[in-house]
Amino acid sequence: MPVALRLSSLVFPLALAGAAMAHPHVFVEAGLQVAVDATGNATGVTVSWEYDEFYSLTSFEDLGLDADYDGVLTPEELARLDGFDLNWIEGYEGDLYLSTAAGPVALAAPEGRGVRVVEGRIRSSHFRPLVAPVPAAGLALQVYDPGYYTAYGLGLGVSVDGPCDAEVIPVDRDKADARLTALLQERTAEQVEVDFPAVGDAYADTVAIRCAE
């Protein structure tokens, strides 16, 4: 194999690996509480997001908060921070996706539920009402950023407020990595930088709602 070709065959996989390493940029631990009424219908989801320390610090700096860098905000600063992540652009789905066997479930706009700082990390909460209630049994939920700029975990826990239970089905990361690798190999490094493959769903755990019959 010519030296030039041999080098290019090494550089291209390294470029792909570098592009993959560049995503995600933000890390968030999420929490979900599904509201289920007495008739067994899901009516909404309370969502909590706890941002990583670096993103939290950057947000403090951007908003002119925590001047003494102790990771503790005053009540006035918390009031200024409240709702900072709810100014959603048109078309943004809130990184929360619900579905049933019949298809996607529509969610209404978020309703703020407050913000606090936990050991230097911003933790915000909001409520997403369902546009129309659906039977909770068989409902599936995922939290992900399609472009995988943000990586979500379910470290804040999952629960159901009502007569059902939630089961977390872990993602198959080997399968997700294989999908990402295949998509990266179809693109040049420049294309990846401009338009990273939409693989966020591949890295998302699935929450399945089970209800007693």
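**Exercise 1. The mixed sheet**

In what order do the 5 strands of the open sheet with mixed pairing stand?

Solution. The model is predicted.

Step 1. Reading across this open sheet gives β5-β6-β2-β1-β8, and the pairing is mixed.

Step 2. The edges are held by β5 and β8; each has a single partner strand, so one side of each is left without a neighbour in the sheet.

Step 3. From one strand to the next, the twist averages 20°.

Step 4. Take one pair inside the sheet: β2 and β6 run antiparallel and are joined by 9 bridges. Within this pair, S48 has S125 in β6 as its bridge partner.

**Exercise 2. The helix across the sheet**

Find which strands α2 lies across, and state whether F54 is buried or exposed.

Solution.

Step 1. Helix α2 covers residues 53-63, and F54 belongs to it.

Step 2. The helix lies across β1, β2, β5 and β6. Its direction makes an angle of about 100° with β6.

Step 3. The relative accessible area of F54 is 63%. Exposed means over 50%, so F54 is exposed.

Step 4. F54 can also be placed relative to V26: the two are 28 residues apart in sequence, while their C-alpha atoms are 8.5 Å apart in space.

**Exercise 3. The antiparallel sheet**

Give the strand order of the open sheet whose pairing is antiparallel, and work through its neighbours from β4 to β10.

Solution.

Step 1. This sheet has 5 strands, ordered β4-β3-β7-β10-β9.

Step 2. β4 (103-105) and β9 (164-169) are the edge strands; because each has a single partner strand, one side of each is left without a neighbour in the sheet. Neighbouring strands are turned by 30° against each other on average, direction ignored.

Step 3. Strand β3, residues 96-100, is joined to β4 by 3 bridges, and the two run antiparallel. S99 has P104 in β4 as its bridge partner.

Step 4. Between β3 and β7 there are 4 bridges, again with antiparallel strands. Here L98 stands opposite L141 in β7.

Step 5. β7 and β10 (residues 206-211) run antiparallel and are joined by 2 bridges. A140 has A208 in β10 as its bridge partner.

Step 6. The two faces of β7, residues 140-143, can now be separated: L141 and V143 are on the covered face, whereas A140 and Q142 are on the uncovered one. The residue opposite L98 is therefore on the covered face of β7.

**Exercise 4. Two residues with positive phi**

Compare D95 and E119 by phi, by location and by exposure.

Solution.

Step 1. Start from the general rule: most residues other than glycine have a negative phi.

Step 2. D95 has a phi near 55°, a positive value in a residue other than glycine. E119 is not a glycine either, and its phi is positive at about 50°.

Step 3. D95 sits in the loop between α3 (75-81) and β3. E119 sits in the loop between β5 (111-118) and β6 (121-135).

Step 4. Buried means under 20% relative accessible area. D95, at 5%, therefore counts as buried. E119 has a relative accessible area of 69%, so E119 is exposed.

**Exercise 5. The largest pocket**

How much space lies in the largest pocket, and which residues of its lining are closest to the centre?

Solution.

Step 1. The space in the largest pocket is about 250 Å³.

Step 2. The lining has 14 residues, and W49, Y51, Y55, D85 and Y92 are the closest to the centre.

Step 3. By type, the lining residues are 10 nonpolar, 2 polar and 2 charged.

Step 4. At least two lining residues come from each of β1 (26-36), β2 (41-51) and β8 (150-161).

**Exercise 6. The chain as a whole**

How many helices and strands does the chain have, and what share of its residues count as buried?

Solution.

Step 1. The chain has 5 helices and 10 strands.

Step 2. It comprises 213 residues, of which 37% count as buried.

Step 3. Consider contacts between residues at least 6 apart in sequence: 72% of these join residues at least 24 apart.

Methods:
Residues numbered from 1 in each chain as written. Predicted model: local features only at pLDDT ≥ 70, side-chain atom pairs only at ≥ 80, totals over all residues. Heavy atoms only, no water. Buried < 20%, exposed > 50% of the residue type's maximum accessible area, 1.4 Å probe, protein only. 1 Å grid on protein atoms, 1.4 Å probe; cavity = no way out; pocket = protein on both sides within 12 Å on 5 of 7 lines; lining within 4 Å. Points joined across faces, edges and corners; volume = space filled by probe spheres on them. Nonpolar A, V, L, I, M, F, W, Y, C, P; charged D, E, K, R; others polar. Pairing = 2+ DSSP bridges. Axes fitted to C-alpha atoms, helices over the stretch in contact; angles between N-to-C directions. Contact = heavy atoms within 4.5 Å.
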